[in-house]
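Good morning, colleagues. I should like to take a few minutes to go through one model with you, beginning with burial and then turning to fold, core and surface.

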Amino acid sequence: MKYHIITYGCQMNISDSERIATILDSVKYKNTSNLKEADLVVVAMCSVRQSAVNRVHGLVEKFKNIRKNNKNLKTILTGCVLKKDKNIFIKGFDCVLDIKNIKKIPKIIKTNPRHISRYRLKYDEGDYLDITPKYSNKFSANVPIMTGCNNFCAYCVVPYTREREISRPAKNIIQEIKNITNPTSPRLRGAKEIWLLGQNVNSYKDNSINFPKLLRTVNDIPGEFWIRFTSSHPKDFNDEAIKTMATCKKVTPYLNLPVQAGDDKVLKSMNRHYTVKDYKNKIKKLREKIKNIALSTDIIVGFPGETKKQFENTAKLFREIKFDMAYINKYSPRTGTAAAKLKDDVSIVEKKRREKVLTEILKQTALEKNKKLIGKETMVLIDSNRGDYWFGKNEQYKTIKVKSNKNILGKLVKVKITEVAPFTLKAKIIK
C-alpha cells in the first residue's frame, strides 16, 4: 500500500506532515511522490487565506478523476480546518480529522473511513507532538514548541482551527533537539538548523520555563547548529527575549516580527494589542543589543476601513525601519473571522497599488543595507541547487548564491559577498 501527503501552508503544517509520515510508515505504507499511485492521500490543510481553502476544493475534483482508475482510494483531510469547512469537505473526503487525532489514522485506514468521519473523536491517545517526525529535510528540522493561539487577530482563523495555546513540555522539546543534532542519530544526523515553531512562540510557558529560558536551554545543547524561531507577536516580544537573543551564540541574528500595519487605528481594528510606538521601541532595543540583526515583517494592505492616509503611515514606517525583508499580503475576507463581518471597502486596484508602493520601498532599503555587506564574510547553510549554482541562507536569513563543482548540500560554508541585489547576494566560497 502506498501513501501520498499533500502539505499546504506554514512550517507547522510541514512538521505535522512529518509526523503523519511516521504513523503511515509504522503500518507498512510506502511513500510515493505520484498522487495517482497512492492508495491513501492525506492533505494537511492551511486555512489562513480563502485561496488556500480553494486549493483543497480543487483537490476534491482531482480525487474524483483518480477514483475512475482506483476505486479503493482513501482520502483524509487534516491540518488547520475551520469547523464550517469541515462540514463542506466531508462530502469530498472520506475522513476529516482534527490534527490532534492523527494517532487514530491506523484505525481509520483499516475500516471504511466514512463510517467514522462524522463523529468527533476524543483526544485519548496522548499529545500528537510526541510522535517522532519523519524529517523531510536532512539538515534543517522543524520543532514545534507549542500549538494554538489566544490572540484572535481580526483577520485570522488559527484560534478556531488550532484552538487555544498549548505549550509542549520543555523536556520533550530538548530531547528531540538532542536527538536530531547528534551526529549518530538514526533519524537525522547532526542537523545544522533548528526552527522552533509556534503560532506565538513568545507566549510559550511550561511551569517556570518561558520562551527565553527555553532558548537558553536549547543554546546549551552540544553541537554546531543554528537556532531560529517563528512566529513572534510584538505584544509578547519582551526585553528578556531580546537579551537572550543577544547573548545566545547559536540563536541567529534574524527576526520576523509581524507589524501588519503602521497605523494605530488599523492595528486596533485588527485586534493586535500594540501601537506603532510600541513596535518601534522594540526594534530600537533589538538594534541596540544585536548590531548585525536582520529584520523582516508581515504586512496586510487594504484591511477594511484602511484609508490612504493610514496606509501612508505604513509606508512611513517602512522607510523609517528599513526592513531587510517583508511579506506583503493584500487583504481578502476569510469566512469565520471577525474581519469578514466588516465591509471590504478597499478596491483590488488600490490594494495592488499599496502593495507596489511597499515593495518599491522594501527593494530600496534592502539594497541599501545589502550594499554594506560587499566584501564581508559570512557562513551559509546550503539548502538547494540550480545548475552550477548553490543557494542557501546565512545567519541573517539572507539568500546567498554561490558557484561550486562539489556537492555542498546541507553544508555550512564560509563565503565572501561579491555582488548584491535587494533579495539575493552573490558570493564566492572561501577555501
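Let me begin with burial. In this predicted model, 52% of the chain's 431 residues count as buried.

Where do the buried nonpolar side chains gather? The largest nonpolar core holds 67 residues, and within that core L196, F229 and L286 touch the most other members. Let us take L286 as our example. Leaving aside residues up to four places away in sequence, L286 touches F237, I242, M245, L255, I293 and L295. Another core lies apart from this one; it has 22 residues, including V41, A52, F89 and I90.

I turn now to the overall fold. The chain contains 12 helices and 20 strands. Its radius of gyration is 22 Å, close to the 22 Å that the globule rule gives for 431 residues, so the chain is as compact as a globular protein of that length. Measured out along the principal axes, the C-alpha trace spans about 60 × 55 × 50 Å.

How much of the contact network links residues 24 or more positions apart? Among contacts in the chain with a separation of 6 or more, such residues account for 71%.

Finally, the surface and the charges. The chain exposes about 20,700 Å², and 50% of that area is supplied by carbon and sulfur atoms. As for charge, there are 86 positive side chains and 43 negative ones. The centres of these two sets lie 2 Å apart.

Thank you for your attention.

How values were computed: Residues are numbered from 1 along each chain as its sequence is written. This is a predicted model: local features need pLDDT of at least 70, side-chain atom pairs count only at pLDDT 80 or more; totals for chains, interfaces and linings use all residues. Side-chain values use heavy atoms; hydrogens and water are left out. Helices (H or I, at least four residues) and strands (E, at least two) are DSSP runs, numbered from the N terminus. The radius of gyration is taken over C-alpha atoms; the globule rule is 2.2 Å times the number of residues to the power 0.38. Buried means under 20% relative accessible area, exposed over 50%, partly exposed in between (1.4 Å probe, protein chains only). Contact means heavy atoms within 4.5 Å. Accessible areas come from the Shrake-Rupley method with a 1.4 Å probe; for residues, only the protein chains shown count as cover. Lys and Arg count as positive and Asp and Glu as negative; His and the chain ends are not counted. The place of a charge is taken as NZ of Lys, CZ of Arg, CG of Asp or CD of Glu. A nonpolar core is a set of buried Ala, Val, Leu, Ile, Met, Phe, Trp, Tyr and Cys residues joined through side-chain atoms within 4.5 Å.
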